[in-house]
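Here is a short, friendly walk through one protein chain. Please have a look at the sequence and the structure before reading on.

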Amino acid sequence: MRFADPTANIEQFRLDPGMSVAELGAGIGAYSIAAARVVGRRGVVYAVDIQQDLLARIAHTADREGLENVEVVWGDIEAVGGSKLLDESIDAIIVSNVLFLTEDKDGVAREAVRILKKNGKVLVVDWKDSFGGLGPKRDSIITASETKELFARHGLTVEREIQAGAHHYGIIFRQKR
């Protein structure tokens, strides 16, 4: 199995043209850019991150690729309201390689649930191991089981799991309100 491929993982997430998508903790925006290609001009992707230099990089990449549907948002995804997105306004949320970094994992889940529309979905991709000096320290890893428990505490149910790469797991959750 190959390393995590954002484009392949977005294909498995099954986004549709016209959807609104938010990537919480967008980093370099690999998932935001892949999602923007799928949702097209009628859709929108909000790339939310606390690091402004990364947001500038995402905006530059989107501009270079002619993607006018990517909006960068400087925000704190661990705080309720920190993404600055409206309540129940997003069809699909991506949380990739974020949970192992965050202090307040429940805060990330709360913010995702707050902005997610009824019947919306969340893709979580994170490290399942640490190897060869790459990836997080072992004690920073949040397992797939822990991730399922985390999002279940906030009312999301597992829809299915995806093949997210050799060293990652991927879980799609669904909002049932």
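What follows covers charged pairs, one helix and one loop residue in this predicted model.

**Charged pairs**

Side chains of opposite charge can pair when their charged atoms come close. In this model the count comes to 10 salt bridges. Three of them are set out in the table, each with the distance between the closest N and O atoms.

| Salt bridge | Closest N and O atoms |
|---|---|
| Glu65 and Arg37 | 2.6 Å |
| Lys117 and Asp91 | 3.2 Å |
| Arg110 and Asp104 | 3.6 Å |

Let us begin with the pair in the top row, where Glu65 meets Arg37 at 2.6 Å. Glu65 sits in the loop between α3 (52-64) and β3 (70-74), while Arg37 belongs to helix α2 (residues 30-39), so their salt bridge ties together parts that are 28 residues apart in sequence. Glu65 is partly exposed, at 34% relative accessibility, and Arg37 is likewise partly exposed, with a relative accessible area of 45%.

Next comes Lys117, whose salt bridge with Asp91 has its closest N and O atoms 3.2 Å apart. This pair also links distant parts of the chain: Lys117 lies in strand β5 (residues 116-127) and Asp91 in strand β4 (residues 90-96), 26 residues apart. With a relative accessible area of 31%, Lys117 is partly exposed.

In the pair formed by Arg110 and Asp104, the closest N and O atoms are 3.6 Å apart. Arg110 counts as partly exposed at 37% relative accessibility, and Asp104 counts as partly exposed at 29%. Elsewhere, Asp87, Glu111 and Arg114 are joined into one network by salt bridges that share partners.

**Helix α2**

How many of the 10 residues of α2 are buried? Seven are, and the helix is mostly covered. The buried residues are Tyr31, Ser32, Ile33, Ala34, Ala35, Ala36 and Val39. Arg37, the salt-bridge partner of Glu65, is by contrast a partly exposed residue. Just after α2, Gly40 adopts a positive phi of about 70 degrees.

**Thr102 in its loop**

Our last stop is the loop between β4 and α4 (105-115), where Thr102 is found. Is Thr102 buried or exposed? Thr102 is buried, because its relative accessible area is 9%, and the cut-off for buried is under 20%. The side chain of Thr102 reaches the backbone oxygen of Leu99 at 3.2 Å. Leaving aside residues up to four places away in sequence, Thr102 touches Glu78 and Val108.

Terms used:
Residues are numbered from 1 along each chain as its sequence is written. This is a predicted model: local features need pLDDT of at least 70, side-chain atom pairs count only at pLDDT 80 or more; totals for chains, interfaces and linings use all residues. Side-chain values use heavy atoms; hydrogens and water are left out. A salt bridge is a side-chain nitrogen of Lys or Arg within 4 Å of a carboxyl oxygen of Asp or Glu. Helices (H or I, at least four residues) and strands (E, at least two) are DSSP runs, numbered from the N terminus. Buried means under 20% relative accessible area, exposed over 50%, partly exposed in between (1.4 Å probe, protein chains only). A polar contact is a pair of N or O atoms within 3.5 Å; within protein, one must be able to donate a hydrogen and the other to accept it, and residues adjacent in sequence count only if both atoms are side-chain atoms. Contact means heavy atoms within 4.5 Å.
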